[in-house]
Amino acid sequence: MNQEEQDLSLPSPSIEFKRVSYGVDQIEIIKEVSGQFPTGKITALIGPSGAGKTTLLKLCNGLVSPTEGEIYIENKRIEEISPLSVRRKVGIVLQSSPMISGTVRDNLALPLQLAGQPLSDEQAVATMERVGLASSLLTRDARELSGGQKQKVSIARTLLNKSDVLLLDEITASLDPESLQEIEAVLVKLNKTEGITIVWITHNLIQANRIGDYFWVMVDGELRVAGEKEDVNASEDEDVKRFVKGVLS
C-alpha cells in the first residue's frame with residue numbers, strides 16, 4: 001500500500017503523518033514519513049534499533065516538531081492545537097516509569113496538580129482499578145513498588161489526563177514475564193473496552209504479534225510498510241523481511 005493512500009477499511013486516523021521529516025544538525029532522523037495510526041486500534045511500531053521510533057513518538061505529541069511535513073491529530077493540524085492540549089490528548093508512557101518522592105497517591109495526583117486540580121479519593125481509587133492495582137497501595141511509598149507496579153502507576157497517571165491516545169515506548173522491556181503479561185492485559189482491556197488508541201514501540205516481535213492490530217515497520221528513519229500482518233508479511237522490502245523473519249503470523 002502506498003503511504004499516501006488511505007486504507008478505506010480502517011477507521012479515521014487518530015494521528016496522521018504527511019511527508020514528515022525531522023533532523024538535528026543536518027542529520028536526518030525521520031525521512032518523509034506518511035502514514036496513519038487508526039483510531040481505536042493498537043499499532044505495534046517495530047523496527048531495528050536506530051530506526052527513529054522513539055523520535056516518531058515525540059513528534060506525535062509535540063515534544064519535538066517536524067522540520068518538514070505536517071502532522072494531524074483527529075484531522076486537525078498539530079500546530080492549531082495548544083501544546084498542553086496535545087499532551088493531554090496524546091499521552092506518553094516511558095520504559096523508565098519515573099516516580100517522584102512520596103506515596104503512590106502523590107505520584108498519581110501529579111498531572112492534575114500541574115493543571116491546578118485536586119485528585120479526589122474517588123478518582124484515585126477508580127484510576128487504580130483501571131490499571132489493575134489495589135487501592136490499598138495508594139498510601140505506600142512509590143519507591144517500594146515493583147517494576148510492574150510502577151509501570152501501572154505511570155499508565156494510570158497518564159490516564160488521568162483523559163488521553164484518547166497512549167504512546168508506549170518499550171514499557172515492558174525490563175519487566176519479568178508475569179509483569180509483562182499483566183501490563184499487556186491492562187492495555188488490551190483499555191483498548192477494547194474504552195476505545196483508547198495505542199501506539200506501542202516494542203522490540204519484542206512475539207509481543208507485537210500478540211497485541212498488534214496494525215503495524216508500522218520503520219528502518220533507517222523511513223516507514224517501509226504499514227498495515228495488517230498480511231501486509232507486513234507480503235512486503236518485498238529486504239530489510240523488512242530480514243527483521244520480521246516470519247514471526248508475524
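Is Gln-26 buried or exposed? This predicted model can be explored in the close-up views below, and the opening question is taken up in the first of them.

**View 1. Gln-26 sits in the loop that links strands S1 and S2.** Strand S1 covers residues 13-24 and strand S2 covers 27-38. Gln-26 counts as exposed because its relative accessibility is 87%, and exposed means over 50%. Take a look at its backbone too: phi of Gln-26 is positive, near 65°, although the residue is not a glycine.

**View 2. Lys-162 lies in the loop between helix H5 and strand S7.** Strand S7 spans residues 165-169. Here again a residue other than glycine has a positive phi, with Lys-162 near 60°. With a relative accessibility of 71%, Lys-162 counts as exposed.

**View 3. Helix H3, residues 104-114, with its buried residues and its two ends.** At the N-terminal end, Thr-103 acts as the cap, placing a side-chain oxygen 3.3 Å from the backbone nitrogen of Arg-105. Along the helix, the buried residues are Val-104, Asn-107, Leu-108, Ala-109, Pro-111 and Leu-112. Residues three or four places apart in an α-helix point the same way, because each turn takes 3.6 residues. Among the elements covering the buried residues of H3 are helix H4 (121-130) and helix H5 (147-159). After H3 comes Gly-116, with a positive phi near 75°.

**View 4. Asn-233 belongs to helix H8, which runs over residues 229-233.** Asn-233 has a relative accessibility of 39%, so this residue counts as partly exposed. Bring Leu-248 into the frame as well: its C-alpha is 7.1 Å from that of Asn-233, with the two residues 15 apart along the chain.

Conventions: Residues numbered from 1 in each chain as written. Predicted model: local features only at pLDDT ≥ 70, side-chain atom pairs only at ≥ 80, totals over all residues. Heavy atoms only, no water. Buried < 20%, exposed > 50% of the residue type's maximum accessible area, 1.4 Å probe, protein only. Helix = DSSP H or I, 4+ residues; strand = E, 2+ residues; numbered from the N terminus. Contact = heavy atoms within 4.5 Å. Polar contact = N/O pair within 3.5 Å; in protein donor to acceptor, adjacent residues only side chain to side chain.
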